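Please find below a colleague's note on the fold. The sequence and the structure come first, and the numbered points follow.

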Amino acid sequence: MNILIVGAGPTGQTTALELARRGITPEIVDAKDQPSPLSRAVGILPKSIDIMNRTGVGDQVVAAGMDVRRVNIYRDGKRLIDVDVDQFFAPSEFIIGLPQDKTETIMSQKLAELGVQVQYGRKVTDVQTDKASASATFADGSRRSYDWIIGADGVNSAVRDTMGIDYAGYELPETWSIADLQLEEGAYDTHKITAWMLDGDRDQRDAMVMFPMAPNRVRLVSSTPDSLAVLPIDLDIKEVLHTGTFQISVRQAHDYVKGRVVLAGDAAHAHSPVGGRGMNLGIDDGQAVVAAIVDNTISTYAVTRRAKAKRVIDGTERARKLVLTNNPLIAGGLKLVGWVVSNVGFAQKLFAKRVIKM
């Protein structure tokens, strides 16, 4: 079987690893000249680790990352929720914090061991398909035919766009930001996620999350243009490694499958980072598309993955609106929920399960 994967992020590389473990050697290309040194996503859920373990990379990711054992949430400077995850789950069930570029490096090294090399600087400019095959045109003018082409090339997918697949949705108006920080030894517990609901300058609140990436290294994500400026605690920062801003798209492709072309990951869906589901949903797409192709159930893939992505999009939007609202009735409800979660064991377990499960 001759398969082209366009895009070498976690979704594309998961797809390639799943094919390789089944004895199918794919071609995987990426428009970038080299792997990106930057990291978009950092949180890897237990289900994603299970998928990675089928191809022998899950344990490496766990060893390289930080296991998240505690979750704190604050509102107006007061602690709303404080839950120890490790009292309910085994270490193998923890969220792992690891920069996306490190995850991709582990994956690509395993692919190389399996005889698959990611071809960087290989840009796809056009894709065509009929019922029996699909073809890709590359930036150098060459054209090749494949049994399947899998578009895992992100929000600005060339595969999706050249196929004329609608990517309906909207962009959120506010500018979000990130900051990756190297901290002084012992400045912060890097086995903990901390989130804050902050006062805002608009009709809604601001939000901030601090997520562990490595020992003494964290990522800030904020609904403001400058995460560092609104950080509500003093941190002993050794070095600011990277900062950036971004807009949030909330979109979903109208078709996940068209002829012999299949979409996966951000090429198929985009949503708020609240809840940290984006990369994990893409990894799940990657294993699902391979199973669908091998088992000849691709029409089922189109239906089930679109439905799952819609649930994630709807859930992340509800969560985003909840944490950013200034509605006093919801504020009172959040305080009550926070007290119950922090003080009732059963509620703590439900909350912890909600955080780490996809």
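The points below pass from the chain as a whole to one of its sheets.

1. The model under discussion is predicted. Its chain of 358 residues has a radius of gyration of 21 Å, close to the 21 Å given by the globule rule, so the chain is as compact as a globular protein of that length. The C-alpha trace spans about 60 × 40 × 40 Å along its principal axes.

2. As to secondary structure, the chain comprises 10 helices and 22 strands. Taking contacts between residues at least 6 apart in sequence, 72% join residues at least 24 apart.

3. With regard to solvent accessibility, 53% of the 358 residues count as buried. The chain exposes about 15,900 Å², and 51% of this area is supplied by carbon and sulfur atoms.

4. One sheet merits a description of its own. The sheet is open, with 6 strands in the order S8-S2-S1-S12-S21-S20, and its pairing is mixed. Strand S8 (118-120) and strand S20 (257-258) form the edges, each pairing on one side only.

5. Within this sheet, strand S12 (residues 148-151) pairs with strand S21 (residues 261-263) in the parallel sense, over 3 bridges. Glycine 151 has leucine 263, in S21, as its bridge partner.

6. Which strands does helix H1 lie across? Helix H1 (residues 10-21) lies across strand S1 (3-6), strand S2 (27-30), S8 and S12. Relative to S1, helix H1 runs at about 155°.

How values were computed
Residues are numbered from 1 along each chain as its sequence is written. This is a predicted model: local features need pLDDT of at least 70, side-chain atom pairs count only at pLDDT 80 or more; totals for chains, interfaces and linings use all residues. Side-chain values use heavy atoms; hydrogens and water are left out. Two strands pair if DSSP finds at least two bridges between them. Helices (H or I, at least four residues) and strands (E, at least two) are DSSP runs, numbered from the N terminus. Contact means heavy atoms within 4.5 Å. Axes are lines fitted to C-alpha atoms, for helices over the stretch in contact, and angles run from 0 to 180 degrees between N-to-C directions. The radius of gyration is taken over C-alpha atoms; the globule rule is 2.2 Å times the number of residues to the power 0.38. Buried means under 20% relative accessible area, exposed over 50%, partly exposed in between (1.4 Å probe, protein chains only). Accessible areas come from the Shrake-Rupley method with a 1.4 Å probe; for residues, only the protein chains shown count as cover.
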